[in-house]
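Open the model in your viewer and keep the selection panel handy. We will go through it one stop at a time.

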Amino acid sequence: MAVVAEGLRKQYGDKMALDGFDLTVAEGTVCGLLGPNGAGKTTAVRILATLLRPDGGRARVAGLDLGTDAAAVRARIGLVGQQTAVDEVLSGWQNLVMFGRLHHLGAARARARAAELLDRFGLAEAGRKPVKQYSGGMRRRLDLAAGMILAPAVLYLDEPTTGLDPRARNEVWSAVRALVAEGTTVLLTTQYLDEADQLAGQISVIDHGRVIAEGTPEQLKSRIGGDQLELVLHEESDLPAAAEVVRRVSGAAAEVDRDGRRVSAPVRDRVAALTEVVRALAERGVPVQDIALRRPTLDEVFLELTGSGVAA
Amino acid sequence: MNRLRWAVADGWTVTQRDLLHWVRQPAPVVVGLLMPIMMVLMFGFLFGGAISVPGGGDYREFLLPGMFAMTVAFGVEGTMLAVTTDASRGITDRFRSMPMAPSAVVVGRSGADMLNSVLALLVMVACGLLVGWRWHGSAGAALTAFVLLLLLRFALLWVGIYLGLVFANPGAVMAVQILVWPIGFLSNVFVAPETMPGWLGTIASWNPLSSTVTATRELFGNPGWGGGSWIAQHAMLMAVLWPLVILAVFFPLSVRAFRRMSR
């Protein structure tokens, strides 16, 4: 196991930031740590990256005990925090050489590694420019490169794409995928559910300092029941009739969105439910603009599990 | 032994980062050097005529040792700003998560700031020589004066590191930038403490800056205020003692503040 945390506790004043936090991440996988702001995601990562000492509990990272072997752990991990922690004045190359030297690589190897990393993160051309002139995505990639100087066994990514535009997010995602393909274990915190969905093979949902649900994205989605039947009408006046039909078929209260002229409800028997709804609506002469079955999103999973939105 | 070697090597790597800043972005360094020069010109030529120096000496002869000390004192802001910036941008955390010597974060900072102060003093000496300041004692005495100035800088450095670690926001840096002025002026740099109201004069003469200024004036053979108080009589002793006291307080405080980052 790349990361094993058992009963981690951390208290700030009256607030328990972590309250019996357990986590197991298998080697070579991506684990997404998902939770609302203030749930304890960052505290967990900071403890596992040796930046914070826990008040209680134990953790092993890359087989090394955090409490007794923190210095050795630091040689096996990479940390990419919420901010881009690179020197703005220096060039990308100078940053990486400096970090390489601080990883005790020696001058020649530090320079070679810097060139290698710039190349692989698509920054070779911008390598000599000051980081100030980099775009958000370029900075984040440089930040990732700086977290990878020694090809870490475990890489922590704390909200790696917060504040990035979609294109830059994609750049970061493909960089992360490439790392995982080479065997790096990644622990990713995020408040973007699609990000966890895209990258993580395993998700731990954290709330109030402890993990409240774990599993693959699919497992978590099926936890809140089956698929969602969703239909869009032409006329707002048809909404009550349609809601009545959907309610009868699904057996659960239908959710009605007036502005979107949308009716939705969870259904168990996928195709039969769909057929029945279409038939009943046709019988009543209710014209339908669109009808679909869809899997629940992680957002809905989240809402169900925590009773609050992610970006609360 | 190996650990000590890495502590030095890592500290030097972090210092080099600042030296690279000087090369890549010289403007802040140049502005930092211009400020004391402007003050020399301002006080030397604008106000200087209105202030008479004991023994009828030249005001600029009298002024320069004080300006050296002010240059050294103003360095606190730079140190604090650098420490705060690194902490708030997550760079300190990145360093702390790496397999480097943890001390290098502050050792590197102090190395860079000491080099910066040496440079600043050299520029001030050049500026002083241009406006008519000279040292009249031996080269050894002049060198001792510079060592005393750098000793004070080294002690104040840890004040800056401590403040930077504890007050990690730009507002606090601004407060210190403003406070440095009265602390600098509440000394014997520009006027004699004897001319101030009693209690204020006492504070001014016990200002650590004053002891270093008096001691360096003596060492350079420049005119000074004299004064019969104990503190004025023992300037040389206090110019060594004050920095050691400041160090004894703020070095452990800084180490503690650094350790507290993991709380």
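This tour visits chain A, then the place where the two chains meet, then chain B. Bear in mind as you look around that this is a predicted model.

**Stop 1: the two domains of chain A**

Colour residues 3-221 of chain A one way and residues 226-295 another: these are domain 1 and domain 2. How far apart are the centres of domain 1 and domain 2 of chain A? Taken over C-alpha atoms, they are separated by 43 Å.

**Stop 2: a sheet near the start of the numbering**

Select strands E1, E2, E4 and E5 of chain A. They make an open sheet of four strands with antiparallel pairing, in the order E2-E1-E4-E5. At the edges you will find E2(A), residues 15-25, and E5(A), residues 64-65, each of which pairs on one side only.

Now go through the sheet pair by pair:

- Strand E1(A), residues 3-12, runs antiparallel to E2(A), and eight bridges join them. Label A:Val3 to see it opposite A:Val25 in E2(A), then label A:Gln11, which stands opposite A:Met16 in E2(A).
- E1(A) and E2(A) also form a hairpin, with two residues between them. In this turn, click on A:Gly13, which has a positive phi of about 60°.
- E1(A) pairs with E4(A) too, in the antiparallel sense, over five bridges. Look here for A:Arg9, whose bridge partner in E4(A) is A:Gly56.
- E4(A) and E5(A) are paired over two bridges, again in the antiparallel sense. The bridge partner of A:Val61 in E5(A) is A:Leu64.
- The hairpin of E4(A) and E5(A) has two residues between the strands, and A:Ala62 there takes a positive phi near 50°.

Next, add residues 41-48 of chain A, which are helix H1(A). Which strands does H1(A) touch as it packs on the sheet? It touches E1, E2 and E4 of chain A, and the direction of H1(A) makes about 115° with that of E1(A).

**Stop 3: a sheet further along chain A**

Clear the selection and pick strands E11 to E14 of chain A. Here is another open sheet of four strands, with antiparallel pairing and the order E12-E13-E11-E14. Its edge strands are E12(A), residues 255-257, and E14(A), residues 288-294, each pairing on one side only. On average, neighbouring strands of this sheet are turned by 15° against each other, direction ignored.

Zoom in on E12(A) and on E13(A), residues 262-267: three bridges pair them in the antiparallel sense. A:Val256 is a good residue to label, as it stands opposite A:Val263 in E13(A).

Then show helix H9(A), residues 239-250. This helix lies across E11, E12 and E13 of chain A, and runs at about 5° to E13(A).

**Stop 4: where the chains meet**

Bring both chains into view. At their contact, 20 residues of chain B meet 23 residues of chain A. On the chain B side, helix H1(B), residues 2-24, and helix H4(B), residues 91-96, each supply at least two residues. Which helix gives the most to the side of chain B that touches chain A? That is H1(B), with seven residues. Colour this side of chain B by class and you will have six nonpolar, six polar and eight charged residues.

**Stop 5: the annotated segments of chain B**

An unreviewed UniProt entry marks six stretches of chain B, residues 27-50, 62-84, 118-135, 141-165, 172-191 and 230-253, with the annotation "transmembrane region". Select two of them in turn:

- Residues 27-50 of chain B are 88% helix and 0% strand, and their end C-alpha atoms are 34 Å apart.
- Residues 230-253 of chain B are 96% helix and 0% strand, and here the end C-alpha atoms are 30 Å apart.

**Stop 6: a helix pair in chain B**

Finish with helix H3(B), residues 59-88, and helix H7(B), residues 170-185. They pack at an angle of about 175°, with their axes 10 Å apart. H3(B) is therefore roughly antiparallel to H7(B). Show side chains at this contact: among those from H3(B) are B:Met70, B:Phe74, B:Glu77 and B:Leu81, while H7(B) contributes residues including B:Pro170, B:Val173 and B:Gln177. By class, the residues of this contact are ten nonpolar, three polar and one charged.

How values were computed: Residues are numbered from 1 along each chain as its sequence is written. Chains are lettered from A and ligands numbered from 1 in the order in which they are written. This is a predicted model: local features need pLDDT of at least 70, side-chain atom pairs count only at pLDDT 80 or more; totals for chains, interfaces and linings use all residues. Two strands pair if DSSP finds at least two bridges between them. Axes are lines fitted to C-alpha atoms, for helices over the stretch in contact, and angles run from 0 to 180 degrees between N-to-C directions. Two residues are in contact if their C-beta atoms, placed from the backbone, lie within 7 Å. Domain bounds come from an automatic or database domain assignment. Ala, Val, Leu, Ile, Met, Phe, Trp, Tyr, Cys and Pro count as nonpolar, Asp, Glu, Lys and Arg as charged, and the others, Gly among them, as polar. UniProt positions are given in the numbering used here, feature names are shortened, and annotations may be inferred rather than shown by experiment. Angles under 35 degrees count as roughly parallel, over 145 as roughly antiparallel, 65 to 115 as roughly perpendicular and the rest as oblique.
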